[in-house]
Number of protein chains: 2
Amino acid sequence: MSVIAITDVLTGKHPVDQEITVHGWVRTRRDSKAGISFLAIHDGSCFDAIQAIVPSELDNYQSDILKVTTGAAVVVTGTLVESPGQGQAFEIQATKVEVLGFVEDPDTYPMAAKRHSIEFLREHAHLRARTNLGGAVTRVRNSLAQAIHRFLHEKGYLWISTPLITGSDCEGAGEMFRVSTLDLENLPRTDKGEVDFNQDFFGKETFLTVSGQLNVETYCCALSKVYTFGPTFRAENSNTSRHLAEFWMVEPEIAFADLSDAADLAEEMLKYVFKAVLEERADDLAFFQQRVDKTVIDRLNSVVNSDFVRLDYTDAITILENCGKTFENPVSWGVDLNSEHERFLAEEHFNGPVVLKNYPKDIKSFYMRLNDDGKTVAAMDILAPGIGEIIGGSQREERLDVLDQRLAEMNLDKDDYSWYRDLRKYGTVPHSGFGLGFERLVAYATGVSNVRDVIPFPRTPNNASF
Amino acid sequence: MSVIAITDVLTGKHPVDQEITVHGWVRTRRDSKAGISFLAIHDGSCFDAIQAIVPSELDNYQSDILKVTTGAAVVVTGTLVESPGQGQAFEIQATKVEVLGFVEDPDTYPMAAKRHSIEFLREHAHLRARTNLGGAVTRVRNSLAQAIHRFLHEKGYLWISTPLITGSDCEGAGEMFRVSTLDLENLPRTDKGEVDFNQDFFGKETFLTVSGQLNVETYCCALSKVYTFGPTFRAENSNTSRHLAEFWMVEPEIAFADLSDAADLAEEMLKYVFKAVLEERADDLAFFQQRVDKTVIDRLNSVVNSDFVRLDYTDAITILENCGKTFENPVSWGVDLNSEHERFLAEEHFNGPVVLKNYPKDIKSFYMRLNDDGKTVAAMDILAPGIGEIIGGSQREERLDVLDQRLAEMNLDKDDYSWYRDLRKYGTVPHSGFGLGFERLVAYATGVSNVRDVIPFPRTPNNASF
């Protein structure tokens, strides 16, 4: 079969007054008193449906067309004409309509043409791509992902697939999923009576990774410009609108680069991908603007056109202490910032994206580069109005002696990091990188407030349906 | 820092007789009797290194330059000149060389400049990207991945991230990894004494997915053209050169499409991505041709320029039965084909890629569309000379009654597939798709014979290092 995408038809890529065939699903059917039916047919290639005008003269008008309901699959052949009606440039004067698949029991069809709650859609995740919202989210998500790959590829970054199953625990954090093939009803034991992981699939304890960063540094310290774009996992019992147990991360890592270079790359990348979405998915963004978040297009344009503020953590604390606002979580030098502080800075104080940098070392990870003041590390968070933290990054500690000292301070065993330390033993270089939570990016670009609604099948505590 | 990529210098993108600074690692150092050192510097942006000519007059010549060894990180500033020597178009007359990182104890540096066995490199996976082989594999892998995204994006396919953690078992196969946060030393039990998975993170048993296909069908049956490109897992104790416990898969899924459409897309995609690699990575392919597999460039060109043969399984059996060759595994209608049969067909009989289709239903999965003969299903494998099966796909059974009958035949509980069955209840359409094992593709495009050597950190039985 040669299938024509409806987006190509609606954007004028096919000659009018000629025969055309489109394939898709019926969004709505309307019958006129004059014995004509109007079918709105979509195929997912764009937000809009194309209208087919179906005369009652068709052989199967009574038997099929009048039984067609929302969700039915059809193949429509007819003449493509310019539409006299409003809201569409073209429509099809149908000469043949074949119904490939009816909707069984339309009254109980979960995706009938009405507005559904976002929670209802989440419970029907296998069907929600059929809704306006689900389709628009998917196209914007795709547009962002493609733009990320394209941007980094054009700049010479190599995509690296770091492992998902890992024997190491990236940041000394504990909240990981175990991966195992051991029979739980019959666990092998060592002489000491402990679970014998030597008999597990990988011959040791293994987990799902929380970040590809340490792994991708090995490629950065060989090939200079690299990035990961893959799934990561957190076994945290967080039931918030910003957390998923399984989510996608983008992690560029740049050799011969300091924190400022990483911030520059992050700013350029965010602007590039938002610009791509504004250009490629104007139809879907118009929908989000109308139905989900009235500020979404302005917000994206504002990021594209703004210069990101660069601000030291220490200066941010001064601003927060003197702003006259009372925060739920009090602020003083040394504390980690909460969402309320981040949003105040990005939304109220600067009203634009802020790169916050040089955090106290005690609230950051061992691998972040110690600054000359001995108190702070070259870490950054990028805060955006309307969402708070969207990117976190740092310059990595490239000096072996300082790294070892940091590992010791944090009670981490340096033998566990022998391969990571090798990168500093052998031709070490300054390098920096950051992580972008992809679902948070999609949420930001669509105005959808919960990350569960921008990933096809969300995994959260007590939910791994489908 | 503003870093210039060495590939841009070597391809003439920078003016000669002007000052330039490059960053990279020393591949080799050679000292002339005249008191000049030659450093070959690479940065991963291309196969070749650039030569820097370092005069002994530099302040740090004795203290630094003469101590530089393979793997040291340097920043070289000097005048870019046309090279009088063979093998390079440009070189740098250095006026300043800064050593960012020496190699500690060069005599024990694992990646010293000599030829290493592929097994040795695998044991040092954190450093192997520093070798010619590791760099070339990474660039080709990246080129293939980018080409796949680009090809599908340009054709209107939407990238869908299907879940990695799943409560379902895609094909009724058993070899999956368990994902759990239960404390193995203190397993919760039900009243009946069984492990109580209600208390596990997701409130039920969960595993790592073996395929995103069933999930992505839900998006295909809403948005027409979709694909996955993500990791998949097999807990099979297979120690072969073709198997990994964790590997990447590309799975396009097309609505309003039969098996022949899927075969067309697969053929077009393979040609597109091989053409991209031939154009973009001629330098790396020349290396593979010289050092790894003398036929690799010819083989890729041959796929690009051939028409894939389409052949029914039944006809393949006739060919195999009558070819006069004795196979280790005897052939008759109904048996699954082995690698020896597949390679005979692709390499000896047709000497080109073969789409083998319409297999006996009893050796294929429940979701493959039953053909009118009642004996075969619309499945395909694409066989390529030099590797055997590289793609597997099928038209999916879109008829609910036939699907239910197949589930029953295979003793699968249709309640476990209720969401999959919904796709057939509500606006069902013919649809087809295939899966491409990405590491097998990279192995094919490089001539590297073991998939463990084309993924950064391979996971195999008893190995999850790094």
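These exercises explore how chain A and chain B fit together in a predicted model.

**Exercise 1. The extent of the interface**

Find how many residues of chain B are in contact with chain A, and about what area is buried between the two chains.

*Solution.* Start with the residues: 116 residues of chain B are in contact with 116 residues of chain A. Next, turn to area. The size of an interface is often given as the accessible area lost when the parts come together. Here, about 9200 Å² is buried between chain B and chain A, and carbon and sulfur atoms give 63% of that. Finally, look at single residues: in chain B, Leu184(B), Phe256(B) and Tyr426(B) lose the most area to chain A, together 9% of what that side buries.

**Exercise 2. Polar and charged links**

Work out how many salt bridges cross the interface of chain B and chain A, and which element of chain B gives the most residues to the side that touches chain A.

*Solution.* The rule finds two salt bridges across the interface. In a salt bridge between Glu185(A) and Arg189(B), the side chains meet at 2.9 Å, N to O. This distance lies within the 4 Å cut-off for a salt bridge. Now widen the search to polar contacts: the count between the two chains is 39 residue pairs. Helix 3 of chain B, residues 132-154, gives the most to the side of chain B that touches chain A, with 10 residues. The residues of that side divide into 60 nonpolar, 35 polar and 21 charged.

**Exercise 3. The symmetry of the pair**

Say what turn lays chain B on chain A, and which residue of chain B comes closest to the rotation axis.

*Solution.* Chain B can be laid on chain A by a turn of 180 degrees and a shift of 0.0 Å along the axis, with an RMSD of 0.0 Å. That is the relation of a two-fold axis. Of the residues of chain B, Val179(B) comes closest to this axis, with its C-alpha at 2.5 Å. The same surface serves both copies, as 99% of the contact residues of chain B recur in chain A.

**Exercise 4. Strands between and within chains**

Decide whether strand 8 of chain A and strand 8 of chain B pair in the parallel or antiparallel sense, then look for pairing inside chain B.

*Solution.* Strand 8 of each chain covers residues 178-180, and the two pair in the antiparallel sense over three bridges. Arg178(A) stands opposite Ser180(B). Inside chain B, take strand 5 (residues 90-101), which runs parallel to strand 3 (residues 50-55) and is joined to it by three bridges. Here Ile53(B) has Gln93(B) as its bridge partner. Strand 5 of chain B also pairs with strand 4 (residues 73-82), in the antiparallel sense, over 10 bridges. One of the residues to follow there is Val75(B), whose bridge partner in strand 5 is Glu98(B).

Key
Residues numbered from 1 in each chain as written. Chains lettered and ligands numbered in written order. Predicted model: local features only at pLDDT ≥ 70, side-chain atom pairs only at ≥ 80, totals over all residues. Heavy atoms only, no water. Contact = heavy atoms within 4.5 Å. Buried area = accessible area lost by both parts, 1.4 Å probe. Polar contact = N/O pair within 3.5 Å; in protein donor to acceptor, adjacent residues only side chain to side chain. Helix = DSSP H or I, 4+ residues; strand = E, 2+ residues; numbered from the N terminus. Nonpolar A, V, L, I, M, F, W, Y, C, P; charged D, E, K, R; others polar. Pairing = 2+ DSSP bridges. Least-squares fit on C-alpha atoms with pLDDT ≥ 70 in both.
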